[in-house]
Amino acid sequence: MKEKVVLAYSGGLDTSIIIPWLKETYDDIEVIAVCGNVGQEDKMEEVYNKALKSGASKAYVDDICEEFVTETIFRAIKAEAKYEGKYLLGTSLARPIIAKRLVEVAHKEGAKYICHGCTGKGNDQVRFEATIAALDPSIKVIAPWRMWDIKSREDAIDYANKHNIEVTATKEKIYSVDANLWHVSTEGGDIEDLRNEHNPDLVYKECVSPEDACDTAEYVEIYFDKGTPKKINGEEFAPVELIKKVNELGKKHGIGVIDILENRLVGMKSRGIYETPGGTILYEAHNVLESATLDKDTLHYKQIVSYKYGELVYDGLWYSKLREAIDEFMESTQDNVTGTVKLKLYKGNIKTAGIFSDNSLYDQGISSFGDSELYDHKDAEGFINLFTLPLKIKAMKGSK
């Protein structure tokens, strides 16, 4: 009886060549390709057929967009999770959902092995394997990039050509691209040289550059119910459709592109161009709503915890107890984060144009310069005397 291997399959360069490599390397092996559709907009029928044509005995192409949005994206919005304060975790949020599906198929097919096409220099190898370990530590992992003689994407292209496997990557356009409903990331090629400015015409897959964006500003109203986005301009959308709708708004206004040098989990720095048009709008709207509905101490502490949450997601620890515990905290902070935020979108910029919430802690009567029953200007003097007392004592004692 042949041993079964479940392969995380995308139809791209790396996973396309893995199928023949597995069959050449291992005797009596059956490769089952699994493509988790998280909104990458590939033609899934072509992906399915390509997997079988490349030598897979069976292929799964499963739409897991709904789970991707509700289980990871919406949680990330509530937490306003970013890695190193910038990256909206597009690839990182998708990996635990895809890896979970791999484990499910392995159980269904009776497979003892899961194979992935992540390179030995990347973060994704950790994300996949951490999820597999958390869900079923008995499953063994095959990671070809840590085993074979192929050393570069150029070598991989040569291997594909030798085995008559059709791939879209070329040696002239060698970018590594990961796309899903939430974002598109582009790495490799000429952008590996930090002296090079990235070329929007070559790199951008979703957004237009701010220079080429719509010349007319556009207003959008986003409604949140306890931190979860529900409506755009008063119209309620299902989770996946909401992300698609706000993506379209961001794309045409050149919003959500960042060019960053990040610290990978595996110890090196890497440069990536990330397009997250809808996500950038939703994060901004949520942030603005929280500024009105959360008290100072909760908001400030949440910002501290949010940084750690972003690290956990980036590092592949989605199924860790700490991430689950932080999520419980984040959820508790969202009880009053309900209302509508109006934003103005124009050439890569987002400006707040209105906050509408019954839960707002802002009181114009108290915050204005006029008189208020709850606040007397004279009270500030005593407060300042007590607040500055440690500074006065330090000065009096001549302490450095």
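A salt bridge is a side-chain nitrogen of Lys or Arg within 4 Å of a carboxyl oxygen of Asp or Glu. I wrote that down before anything else, then opened the structure, which is a predicted model.

**Entry 1: salt bridges overall**

I looked up the total, and the structure holds 24 salt bridges. A reminder to myself: side chains of opposite charge can pair when their charged atoms come close. Some of these residues join up further, as Asp62, Glu67, Lys100, Arg101 and Glu104 are linked in a network of salt bridges.

**Entry 2: Glu109 and Lys58**

I picked one pair to follow, Glu109 and Lys58, whose side chains meet at 2.9 Å, N to O. Glu109 sits in helix α4 and Lys58 in strand β3 (residues 58-63), so this salt bridge ties together parts that are 51 residues apart in sequence. Is each partner buried or exposed, or something in between? Glu109 has a relative accessibility of 9%, and buried means under 20%, so I noted Glu109 as buried. Lys58 has a relative accessible area of 34% and is partly exposed.

**Entry 3: Glu129 and Arg146**

Next I checked Glu129, which forms a salt bridge with Arg146; their closest N and O atoms are 2.9 Å apart. Glu129 belongs to helix α5 (residues 124-135), while Arg146 is in the loop between β5 (140-142) and α6 (153-162), and the two are 17 residues apart. Glu129 is partly exposed at 22%, and Arg146 is partly exposed at 46%.

**Entry 4: Glu206 and Lys251**

I found another salt bridge between the side chains of Glu206 and Lys251, at 2.6 Å, N to O. The pair links distant parts of the chain: Glu206 is in the loop between α7 (200-203) and β8 (218-225), and Lys251 is in helix α8 (residues 239-252), 45 residues apart. Glu206 is partly exposed at 27% relative accessibility, whereas Lys251 is buried at 12%.

**Entry 5: the annotated binding site**

I turned to the UniProt record, an unreviewed entry, where the "binding site" annotation covers residues including Ser92 and Ser185.

Where is Ser92? I located Ser92 in helix α4 (residues 90-109). Ser92 is buried, with a relative accessible area of 1%. Leaving out residues up to four places away in sequence, Ser92 touches Tyr87, Arg127, Val313 and Tyr314. Tyr87 and Arg127 are also covered by the annotation.

Ser185 lies in strand β7 (residues 184-187) and is buried too, at 5%. With the same neighbours in sequence left out, the residues that Ser185 touches include Thr91, Ser176 and Tyr274. I saw Ser176 and Tyr274 in the record's "binding site" as well.

Terms used
Residues are numbered from 1 along each chain as its sequence is written. This is a predicted model: local features need pLDDT of at least 70, side-chain atom pairs count only at pLDDT 80 or more; totals for chains, interfaces and linings use all residues. Side-chain values use heavy atoms; hydrogens and water are left out. UniProt positions are given in the numbering used here, feature names are shortened, and annotations may be inferred rather than shown by experiment. Helices (H or I, at least four residues) and strands (E, at least two) are DSSP runs, numbered from the N terminus. Buried means under 20% relative accessible area, exposed over 50%, partly exposed in between (1.4 Å probe, protein chains only). Contact means heavy atoms within 4.5 Å.
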